[in-house]
Amino acid sequence: MSGDTTNNYGNMVNVNGGQGNVGINYGTVGGAPDDRLRAAVEELTRLLQGLRPHLTPEQAQTVDEALPELTPDRAALRQRGLVLASVAQIAAAVGTVGQPVVDAVGQVIALLS
């Protein structure tokens, strides 16, 4: 029919040859890791390792168990709020020497919100 109009709503893709064509790439799911969050987690990990000599054996064990949970993955850290809270509580119990860890936990939490 002459004069037919085709209205396309949404994405339109024309594929001319090729192999393994799977669709449109809208970018990497989740995006690039957040450099500020990664740096904050690395700093928290470093500070926790430096705090170990000031801890009781039970506190050190809790910190050792928490360290693998501290990843620069925003969603995972949000789910691991109890890990961050327990680390902050241990650091606060140690006193002045633990204050940098408390501050670092606060920074990580701020970056998660």
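**A five-helix predicted model and its core**

A91 touches L51, G98, V101 and V102, once residues up to four places away in sequence are left out of the count. This alanine lies in helix α4. With a relative accessible area of 0%, A91 is buried, since the label applies to anything under 20%. One of its partners, V101, sits ten residues further along the chain, and the C-alpha atoms of A91 and V101 are separated by 6.0 Å. These values, like the others here, come from a predicted model.

Stepping back to the whole chain, the protein has five helices and zero strands. Read along the sequence, that gives a plain α-α-α-α-α pattern. Of the 113 residues in the protein, 27% are buried. The accessible surface comes to about 8000 Å², and carbon and sulfur atoms account for 51% of that. Among contacts with a separation of 6 or more, 62% join residues 24 or more positions apart.

Next comes the core. The largest nonpolar core has 26 residues, and those with the most contacts inside it are L44, L48, L70, V101 and V108. At least two residues of this core come from each of α1 (35-51), α2, α4 and α5 (99-112). The biggest giver is α1, with seven residues. L48 shows what such a residue touches: setting aside neighbours within four places in sequence, L48 is in contact with V63, L67, L70, V87 and V101.

Another residue to look at is V41, which also lies in helix α1. V41 counts as buried because its relative accessibility is 5%, and the cut-off for buried is under 20%. Leaving out neighbours within four places in sequence, V41 is in contact with L70, T71, P72, L77 and V108. Two of these, L70 and V108, are also among the residues with the most contacts inside the largest nonpolar core. As for L67, it is 26 residues from V41 along the chain, with 9.9 Å between the two C-alpha atoms.

P72, one of the contacts of V41, also turns up in a pairing with D34. The two are 38 residues apart in sequence, yet their C-alpha atoms are 7.5 Å apart in space. D34 belongs to the segment before α1. Its relative accessible area is 25%, so D34 is partly exposed; that class runs from the 20% limit for buried up to the 50% limit for exposed.

The last item is the packing of two helices. Helix α2 (residues 57-66) and helix α4 (residues 81-94) have axes that come within 10 Å and cross at roughly 145 degrees. The crossing of α2 past α4 is left-handed. On the α2 side, the contact is made by Q59, T62, V63 and A66, while α4 brings in V83, S86, V87, I90 and A93. Sorted by type, the residues of this contact are six nonpolar and three polar, with no charged ones. V63 and V87 from this list are also contacts of L48, so the α2 and α4 pairing can be read alongside the L48 contacts, where contact means heavy atoms within 4.5 Å.

Conventions:
Residues are numbered from 1 along each chain as its sequence is written. This is a predicted model: local features need pLDDT of at least 70, side-chain atom pairs count only at pLDDT 80 or more; totals for chains, interfaces and linings use all residues. Side-chain values use heavy atoms; hydrogens and water are left out. Axes are lines fitted to C-alpha atoms, for helices over the stretch in contact, and angles run from 0 to 180 degrees between N-to-C directions. Helices (H or I, at least four residues) and strands (E, at least two) are DSSP runs, numbered from the N terminus. A crossing is left-handed if the near helix is turned anticlockwise from the far one by less than a right angle, and right-handed if clockwise. Ala, Val, Leu, Ile, Met, Phe, Trp, Tyr, Cys and Pro count as nonpolar, Asp, Glu, Lys and Arg as charged, and the others, Gly among them, as polar. Buried means under 20% relative accessible area, exposed over 50%, partly exposed in between (1.4 Å probe, protein chains only). Accessible areas come from the Shrake-Rupley method with a 1.4 Å probe; for residues, only the protein chains shown count as cover. A nonpolar core is a set of buried Ala, Val, Leu, Ile, Met, Phe, Trp, Tyr and Cys residues joined through side-chain atoms within 4.5 Å.
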